[in-house]
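Colleague: I would like to work through this protein with you step by step, starting from its sheet and ending with its helices. Could you take my questions one at a time?

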Amino acid sequence: MSLNQEQIAHVVEEVVRKYRAQQALSGQKPTSTPSTISQSDGIFANIDDALAAAEIAQQQLMELTLQNRKDIIAAMRAASLENAEYLAQLAHEETGLGRVEHKVIKNRIAAIKTPGTEDLVSTAYSGDDGLTVVEMAPYEVIGSITPSTNPTSTVINNSIGMVAAGNAVVFNPHPGAAHCSNETVRILNRAILSVGGPANLLSSTTTPTLESSQRIMQHPQVKLLVVTGGGAVVKAAMSSGKNCIAAGPGNPPVIVDNTADLQKAGKYIVDGATFDNNILCTAEKEVFVFHNVADQLKEEMKHNGAYELLDRQIDELVHITVEDIASDHPRANREWIGKDAHLILEKLGINVGGEIRLIIAEVDERHPFVIAEMLMPILPIIRVDNIHEALEKAKKAEHGFKHTAMMHSTNLPNLALVSRHIETTIFVKNAPSYAGLGVGGEGFTTLSIAGPTGQGLTSARCFTRQRRCVLKDAFRIV
Ligand code: NAD
């Protein structure tokens with residue numbers, strides 16, 4: 001079923017209304033008053049205590065009905081919506097990354113468009129031998145390791161999907177986003193309790209560290225690991241010996257051919273590449289544009305808040321924003337990740353206003369801006385002669401992450417060629433990258449896109465294991 005914006009708004013209003021009514025009945029204050037949140041709602045000093053609490057909570061969840069679980073999900077959605085601004089502000093203050101207004105959108109979209117229990121589908125086989133039912137069962141306790149780039153929205157998104165599937169979740173937030181992530185856990189736990197759900201269905205630790213993350217990876221009680229982050233955490237999870245869903249890094253290329261609507265392409269590329277200052281793994285990271293339309297595309301980008309750097313300025317900026325420049329694996333300098341374009345330009349002695357959202361620079365495909373996952377509003381542009389060259393260079397820049405790519409074109413054979421061969425999990429045509437996450441594009445939302453382990457855009461069903469129940473010689477009804 002797909003809902004239009006008006007229907008979604010109606011559903012959300014209804015959920016919020018019901019949630020408020022339930023809180024009023026139970027005498028609780030709404031969760032939008034964070035100062036009233038107790039210090040113990042799922043947040044433990046010791047990760048082992050969090051794991052023990054999760055196990056008990058999951059058993060309690062199994063005692064409840066499916067309708068109870070639906071009510072819990074509705075309350076979690078409503079609490080996330082009510083606190084979307086508060087949590088966005090908190091995430092921005094704590095991490096210093098991105099833009100508050102875009103973090104609000106991420107929180108809201110995670111609250112509204114993360115699939116709930118409706119994502120779980122049972123299958124029946126009926127025949128001469130009777131009836132067999134296959135159901136999606138919980139793993140029980142999931143360990144979720146979350147990033148600094150989408151801290152609160154990932155906790156909202158993972159919590160809704162994992163609880164809908166019947167699991168308890170132990171989070172290990174990024175140490176640099178511990179407070180805002182834990183505040184999200186507290187708010188969601190409060191919501192779960194408000195409709196009669198178990199305490200500590202979500203848990204976390206006050207001071208997450210690499211050690212606590214690794215403890216979760218090794219703990220026998222954790223039956224599924226879900227990690228969202230860079231290459232190191234993906235490697236650690238995949239070599240842990242546990243079932244794992246790994247949502248890893250991306251470096252999404254954009255292809256623009258000579259049939260594209262350049263006015264729209266210029267705007268959409270800037271919109272996508274500047275969303276939350278480019279810290280999304282799905283955001284546009286490099287552009288491959290046909291030679292004969294490159295100048296016009298750059299002009300359109302400049303009309304939409306891009307500032308072009310030339311020659312020596314580009315070299316200077318590389319030294320400021322990239323580490324290990326000369327190596328095969330240059331890395332973005334964390335100091336500049338997620339910062340506003342005008343602040344980065346200031347460092348070069350270029351003073352512009354906040355209307356400048358993006359820095360663009362013409363380079364070749366071997367440039368560090370192309371190779372490194374920059375996660376900041378700097379977008380390299382590479383000229384190409386034809387679609388085959390564009391595809392080959394885009395694939396190389398994507399590093400085989402199988403994550404995300406974009407294309408702007410009206411040429412069906414070109415679009416078909418790239419969609420078939422780019423091999424990314426998400427391929428967005430003629431829109432900003434965030435359309436691929438359900439923001440202005442059809443489809444549900446996730447903040448954990450599992451390329452390396454193949455689940456793709458994760459939802460409740462990914463957090464289940466299949467169980468088969470067979471009845472011999474009965475219940476076939478035709
Ligand atoms: P990060 O890799 O620094 O941290 C992510 C989490 O992993 C943190 O909780 C951290 O404590 C933990 N971690 C890191 N190394 C670890 C190790 N060796 N062992 C155990 N735990 C470890 O990532 P970040 O800077 O917070 O986020 C940005 C990165 O995440 C980017 O590469 C981005 O592309 C990626 N990302 C991917 C997705 C996706 O859906 N695929 C979503 C968001 C972010």
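**Sheet and helices**

Modeller: Let us begin with one pair of residues: in this predicted model, Val227 has Ala246 in S8 as its bridge partner.

Colleague: In which sense do S7 and S8 pair, and over how many bridges?

Modeller: The pair just named is joined by another, since Thr228 stands opposite Ala247 in S8. Taking strand S7, residues 224-228, together with S8, the pairing is in the parallel sense, and the number of bridges is four.

Colleague: Which strands stand at the edges of the sheet?

Modeller: The sheet is open and has six strands with parallel pairing, in the order S1-S6-S5-S4-S7-S8. A strand with a single partner strand has one side left without a neighbour in the sheet, so the edges are held by S1 (43-44) and S8 (244-247).

Colleague: Are the residues of S8 that point one way and the other way buried or exposed?

Modeller: In a regular strand, side chains alternate between the two faces of the sheet. In S8, Cys244 and Ala246 point one way, while Ile245 and Ala247 point the other way. Although S8 is an edge strand, these four residues are all buried.

Colleague: Which helix packs on the sheet touching S4, S7 and S8?

Modeller: One helix that lies across strands is H2 (residues 47-63), but its strands are S1, S4, S5 and S6, and it runs at about 160 degrees to S5. The helix touching S4, S7 and S8 has a direction that makes about 170 degrees with that of S8, and it comprises residues 231-238, which is helix H9.

Colleague: Are H4 and H7 roughly parallel or roughly antiparallel to each other?

Modeller: Helix H4 (residues 84-95) and helix H7 (residues 178-194) pack with their axes 8 Å apart, at an angle of about 160 degrees. Because an angle over 145 degrees counts as roughly antiparallel, H4 and H7 are therefore roughly antiparallel.

Colleague: How many nonpolar residues does the contact of H4 with H7 have?

Modeller: From H4 the contact includes Leu87, Leu90 and Glu94, and these residues are among those that meet a set in H7 including Cys180, Glu183 and Ile187. By class, two residues are polar and two are charged, and the number of nonpolar ones is seven.

Colleague: What is the relation between the directions of H15 and H16?

Modeller: Helix H15 (residues 387-397) packs with helix H16 (residues 412-421) at about 25 degrees, their axes being 11 Å apart. As angles under 35 degrees count as roughly parallel, the relation of H15 to H16 is therefore roughly parallel.

Technical notes: Residues are numbered from 1 along each chain as its sequence is written. This is a predicted model: local features need pLDDT of at least 70, side-chain atom pairs count only at pLDDT 80 or more; totals for chains, interfaces and linings use all residues. Side-chain values use heavy atoms; hydrogens and water are left out. Axes are lines fitted to C-alpha atoms, for helices over the stretch in contact, and angles run from 0 to 180 degrees between N-to-C directions. Helices (H or I, at least four residues) and strands (E, at least two) are DSSP runs, numbered from the N terminus. Angles under 35 degrees count as roughly parallel, over 145 as roughly antiparallel, 65 to 115 as roughly perpendicular and the rest as oblique. Two strands pair if DSSP finds at least two bridges between them. Contact means heavy atoms within 4.5 Å. Buried means under 20% relative accessible area, exposed over 50%, partly exposed in between (1.4 Å probe, protein chains only). Ala, Val, Leu, Ile, Met, Phe, Trp, Tyr, Cys and Pro count as nonpolar, Asp, Glu, Lys and Arg as charged, and the others, Gly among them, as polar.
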